[in-house]
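The exercises below are meant to be worked with the sequence and the 3D view side by side. Try each task before reading the solution that follows.

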Amino acid sequence: MGNKLSNNLKINDPFIKRLIIYIIIAVLIRVFIFNITSVKGSSMMPTLEDGDKILTQKLSLYFSSPKRGDIVVIHAPDKKYYNYIKRVIGLPGDRIEIIGGKLFVNDLLQIEDYISEDSTLPYTIENSWIVPENQIFVMGDNRGHSKDSRIFGTVNMKDIIGISFFRIYPIFKIGSLK
């Protein structure tokens, strides 16, 4: 009986060949091009909510760095096997300051229409940071409820998993992310 079953499933079978090719293509797309990320928690509200599903592209990171304002998925610097979704606030060489509840990047007040609160607090005694080379400074849009660079410091570029660009769920909120 074992011989009959194995004789029916041969690598030369066109169906099996196509199936193997489709699996390889799917894995390559997931590893190198994009994936679907689930939002967990409230740190990116109101932009993203708990349970949202977003597309995260990886391809551009092979050719360029993220830009200020991009929403990125990063390896959590403080939790192994965990990822965070945050907004890029500072790039290498930038000076980030929080003064009187307002965010300044390189001495310029940031107008952030995407945050959920009027005030940004530093969380620690430190209220000024210089972003080192090959690092970014990230913050959540829900500033009062976000564990971010104010707490764990800057993030290495190699710890960026991808740049989120499109919400696919819930259906009534499908669209590009800003």
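**Exercise 1.** Over the face of which residue does R87 lie, and at what distance from the ring centre?

Solution. Bear in mind from the outset that the model is a predicted one. Starting from R87, look for the ring beneath this residue: the ring belongs to Y114, and R87 lies over its face at 3.7 Å from the ring centre. A second arrangement of this kind involves K86, whose charged end sits over the ring of Y84 at 5.3 Å from the centre of that ring.

**Exercise 2.** Classify the aromatic pair formed by Y84 and F152, and locate both partners along the chain.

Solution. As a first step, take the geometry: the centres of the two rings, Y84 and F152, are 5.8 Å apart and their planes stand at 15 degrees to each other. Planes under 30 degrees apart count as stacked, and the pair of Y84 and F152 is accordingly listed as stacked. Next, place the partners: Y84 belongs to strand β4 (residues 83-90) and F152 to helix α3 (residues 149-152), so that the pair links distant parts of the chain, 68 residues apart. Then consider the surroundings, where both Y84 and F152 turn out to be buried. Finally, widen the view to the cluster, in which ring pairs connect Y82, Y84 and F152.

**Exercise 3.** Why is the pair of W129 and F137 tilted?

Solution. The ring centres of W129 and F137 lie 5.0 Å apart, and the pair is tilted because the planes meet at 50 degrees. As for their environment, W129 and F137 are both buried. In total, the structure contains 3 aromatic pairs.

**Exercise 4.** Which residues make up the covered face of strand β1, and in which sense does β1 pair with strand β2?

Solution. Begin with the faces of β1 (residues 34-38): N35 and T37 form the covered one, whereas F34, I36 and S38 form the uncovered one. Turning to the neighbouring strand in the pairing, β1 and β2 (residues 53-57) run in the antiparallel sense, joined over 5 bridges. Within this pairing, N35 of the covered face stands opposite T56 in β2.

**Exercise 5.** How does the radius of gyration of the protein compare with that of a compact globule of 178 residues?

Solution. For a compact globule of 178 residues one would expect a value near 16 Å, but the protein has 21 Å. The box filled by the C-alpha atoms, taken along the principal axes, is roughly 75 × 35 × 25 Å. Within the protein, 38% of the 178 residues count as buried, and the secondary structure comprises 3 helices and 12 strands.

Technical notes
Residues numbered from 1 in each chain as written. Predicted model: local features only at pLDDT ≥ 70, side-chain atom pairs only at ≥ 80, totals over all residues. Heavy atoms only, no water. Phe/Tyr/Trp six-rings, centres within 6.5 Å; stacked < 30°, edge-to-face > 60°. Helix = DSSP H or I, 4+ residues; strand = E, 2+ residues; numbered from the N terminus. Buried < 20%, exposed > 50% of the residue type's maximum accessible area, 1.4 Å probe, protein only. Lys NZ or Arg CZ within 6 Å of the ring centre and 35° of its normal. Rg over C-alpha atoms; globule rule 2.2 N^0.38 Å. Pairing = 2+ DSSP bridges.
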